[in-house]
Structure formats: C-alpha cells, structure tokens
Amino acid sequence: MKLFDVYPLYDVTPVSAKGIIVIDDKGQEYLDFYGGHAVISIGHSHPHYIKRISDQLNKIGFYSNAVQNPLQKELATKLGTLSGCENYNLFLCNSGAEANENALKMASFVTGKSRVIAFKNSFHGRTSAAVAATDNATINAPINKQQAVTFLDFNDINNLQKELEKGDVCAVIIEPIQGVGGLDEPTKDFFKETETLCKQNNTLLIADEVQSGFGRSGKFFAFQHHNILPDIISVAKGMGNGFPIGGILIHEDIKASYGLLGTTFGGNHLACAASLAVLEVLEKENLIENAAKIGAYFKEKAKEIPQVKKVKGQGLMLGLEFDFEVAELRKKLIYDQHLFTGGAKNKKLLRILPALNITEKHIDIFFNALKAQLP
C-alpha cells in the first residue's frame, strides 16, 4: 500500500527535536520558526511535557467518556484560571476542525437557525460545516457546499448588519487573527459592533482561536486584544504541543444536556496530561509575556529589512509581506539557511509561528539568514 498523495513535501526527514531545533536523518539541524503550523507552543521535547505524558502513560492512557476522568476537570479549571475564562464550560475533542464543527453545531442547536457568516480568506478546518465556512473553493466538495454560508469582508459592518437582520444566521465565526488566510485582523470597532449585532439578532459569536490561542498572540486569546466576549471559543493546535487535542469553551449561559455533543477520543487521559503540561509551562516560564516581548522585538528588527513591505500579526503569530511570492524564498531558507518558515493563501507572505519560548538571539539568527537570501 502507498500513501494517498495529497501533500507536496520538502526533502527533509526530521528524526528528533528539542526546543526550536529539529534534526534530520543526516544530522543536519534546523531552527523551527513555524512549529508545524503553530502547534509547538512550548518547544519540542520539553522535559516537563515528556514527564507529564510518560507518567500518565504508566498509569492509564485512555478510557471512554462513559467513566469519570478527573484530568478533564483539572484541565478545565486550569484553563479557565489561566485564560480568564472561568465563566465558560469546556468540551474536549481532537482537532481544530472538530472544535469548529462542534462550535457551529452548538450555535445551530441554541438558535434553531442554520446559516453561517464567515469572512473572506478564512480557514476553519476541512470537515463538513468547518470547511464550508472556509473561504477556499478548491477544498470544498459538493457535499460541503450544501451548507448555507455567507462570506463577508472584514470591517464591513453595514453588510454584516444587513445579513444578520434577515434572521436566519446561527453564528458569526471569526478568526481574531487570520492564520492560513494571511494574518489579517479586523478593527477593534468592528469586533465590538459585531458582538453587539450578534446579541441583538440571536446569533452566536464564535472566536476561532485554533491557531491564535494559548498565548500565541501575546494574550491568552487573541480576542482579548479587543475587549469582547464570544459565546464560543474554539481551541486546538498549541493546546497540546503536538499531541492531538482540541476543544470549545462554551459560555455558561448556554446549557448542556446529555448527548448534545460527544466524542470517542476527545479528552482522553494522555491528551489532558499533554494540555495540562502546556498550561503549566506557559505559567511557570511566563511564555505569554515572552510572546508579546519577542513579537515586539521581531517587529523592530523587521524595520531593518527594506524588502519587507508590511509586518502583520501579534505576539508570535507573525507575517512578513513582500512584493514577490515567497515560495522560492522558503525553499532557500530551508535548504541553504536551515530554517523552517510558513506560507499562506497570500503568496507574498512569509509566516512565522515559533514556539513561545524563543529568544531575541533566535530572532537575530532568523533575520541574518533572511538578509542572506534576499536580493
């Protein structure tokens, strides 16, 4: 049997990693400024992370959600305290797509409506409703296109109001900082007006924090830069530092009932141990504060590069926009400078999504390497 060939692959085979260093099968070291799509939040092979998971595996790795699992309650308590979202309840699943799928399902249950408003260049996942709310026709199959989704521009409050007043919208789903789309952000005024309009029109506001959550933006959640309170918050990627885990934070005003949501693997013992380890390291090592600090340093260093036309993002969810497509530059950074970076739907954008414990020294290395590869 062969693999189903859906990924264009770089000719690099990692076999080990520590911190932000990835080592391939030839012994070559690479600095990881991409973290596998913002997944690696506390660094590869963090000793506390390894110990937490190893200790748990030696006890019990999995059982179903038909029995008590105190780790789930421990995770919910810790997450609520660290994020400042104590007035939410946690449902655990396995991935960002599944988180957004459940968020949209909850919005439809609560409101009794089915249409979704999403935004141009959005990315919310590759499953049913999540992919229907993703602004990329090439990954939407006919079965997905049955979903009723309206795509609007950021900051177009007049059209948003017009659509919401039609009365059939169950959810507005929004990335506070777009990931795959290219790190665009709405204005603070747009966020506040969207929150108000959703309340007025019996529509739930979903903040997709799958990529921007868990400290990456310099706050625990990126929506916290805008002083709003979403009804549902979706999380995944950096939540487990590589272990598959996702979830939604559901405001306590939304009531649960048995069978409303469900999952086989979500919230298993190992997944909870992984996420607890992430939260404990974020807190102990002040990594959210570090993300804000290093992000500011990155933006200052970027000013020294005349080819950079725009710096986008917050904290360590960053992008450098050029006046040329960056695919070849990414290859040169990998093969000549031994640095991993990311791309976006915006072909002229280089995405930077490193672990939150990187230092100014790492940023200096990155910019020296970038200068060496730019014309």
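Let's start with a pair of strands: strand 12 (residues 317-321) and strand 14 run antiparallel and are joined by four bridges. They belong to a predicted model, so please read everything below as a description of that prediction. From this pair we will move to two open sheets, then to two pairs of helices, and finally to a few single residues.

**The sheet around strand 12**

- Strand 12 has company on both sides, since the open sheet has three strands in the order 11-12-14, with antiparallel pairing.
- At the edges you will find strand 11 (310-314) and strand 14 (349-352), and each of these pairs on one side only.
- On average, neighbouring strands of this sheet are turned by 20 degrees against each other, with direction ignored.
- For a landmark between strand 12 and strand 14, look for Gly319, whose bridge partner in strand 14 is Arg351.
- On the other side, strand 11 pairs with strand 12 over five bridges, again in the antiparallel sense.
- A landmark for this second pairing is Gly313, which stands opposite Leu318 in strand 12.
- How many residues lie between strand 11 and strand 12 in their hairpin? There are two, and Gly315 in the turn has a positive phi of about 55 degrees.

**A sheet of four strands**

- Another open sheet has four strands in the order 1-2-3-13, and its pairing is mixed.
- Here the edges are strand 1 (14-18) and strand 13 (339-340); each has a single partner strand, so one side of each is left without a neighbour in the sheet.
- Strand 1 and strand 2 run antiparallel and are joined by four bridges.
- Within that pairing, Ala17 stands opposite Val22 in strand 2.
- Strand 1 and strand 2 also form a hairpin with two residues between the strands, where Gly19 takes a positive phi near 65 degrees.
- Next in the order, strand 2 (residues 21-24) and strand 3 (residues 29-32) run antiparallel, with three bridges joining them.
- You can find this pairing by looking for Ile23, which stands opposite Glu29 in strand 3.

**Helix 9 and helix 11**

- Two packed helices are described by the angle between their axes and the distance between the axes.
- For helix 9 (residues 287-302) and helix 11 (residues 360-373), the axes come within 10 Å and cross at roughly 30 degrees.
- Angles under 35 degrees count as roughly parallel, and helix 9 is therefore roughly parallel to helix 11.
- Is this crossing left-handed or right-handed? The crossing of helix 9 and helix 11 is right-handed.
- From helix 9, the residues in this contact are Lys293, Ile294, Tyr297, Phe298, Lys301 and Ala302, and they meet Glu360, Ile363, Asp364, Phe366 and Phe367 in helix 11.
- Sorted by class, the contact of helix 9 with helix 11 has seven nonpolar and four charged residues, and no polar ones.
- Helix 11 also holds His362, which is in contact with Ile20 and Phe33 when neighbours within four places in sequence are left aside.
- The C-alpha atoms of His362 and Asp32 are separated by 9.9 Å, with the two residues 330 residues apart along the chain.

**Helix 6 and helix 7**

- The axes of helix 6 (residues 157-164) and helix 7 (residues 188-200) come within 11 Å and cross at roughly 10 degrees.
- Helix 6 and helix 7 are therefore roughly parallel to each other.
- In this contact, Ile157, Leu160, Gln161 and Leu164 of helix 6 meet Phe190, Glu193, Thr194, Leu197 and Cys198 of helix 7.
- By class, the contact of helix 6 with helix 7 has six nonpolar residues, two polar and one charged.

**Single residues to look up**

- Asn102 sits in helix 4 (residues 96-111) and is buried, with a relative accessible area of 8%.
- Not counting residues up to four places away in sequence, Asn102 touches Phe91, Cys93, Ile248 and Leu261.
- Ala38 has a positive phi of about 70 degrees although it is not a glycine.
- You will find Ala38 in helix 1 (residues 35-38), where Ala38 is buried at a relative accessible area of 1%.
- Asn121 is not a glycine either, yet has a positive phi of about 70 degrees.
- Where is Asn121 placed? Asn121 is in the loop between strand 5 (115-119) and helix 5 (128-132), and at 27% relative accessibility Asn121 counts as partly exposed.

How values were computed:
Residues numbered from 1 in each chain as written. Predicted model: local features only at pLDDT ≥ 70, side-chain atom pairs only at ≥ 80, totals over all residues. Heavy atoms only, no water. Pairing = 2+ DSSP bridges. Axes fitted to C-alpha atoms, helices over the stretch in contact; angles between N-to-C directions. Parallel < 35°, antiparallel > 145°, perpendicular 65-115°, else oblique. Left-handed = near helix turned anticlockwise from the far one by under 90°. Contact = heavy atoms within 4.5 Å. Nonpolar A, V, L, I, M, F, W, Y, C, P; charged D, E, K, R; others polar. Buried < 20%, exposed > 50% of the residue type's maximum accessible area, 1.4 Å probe, protein only.
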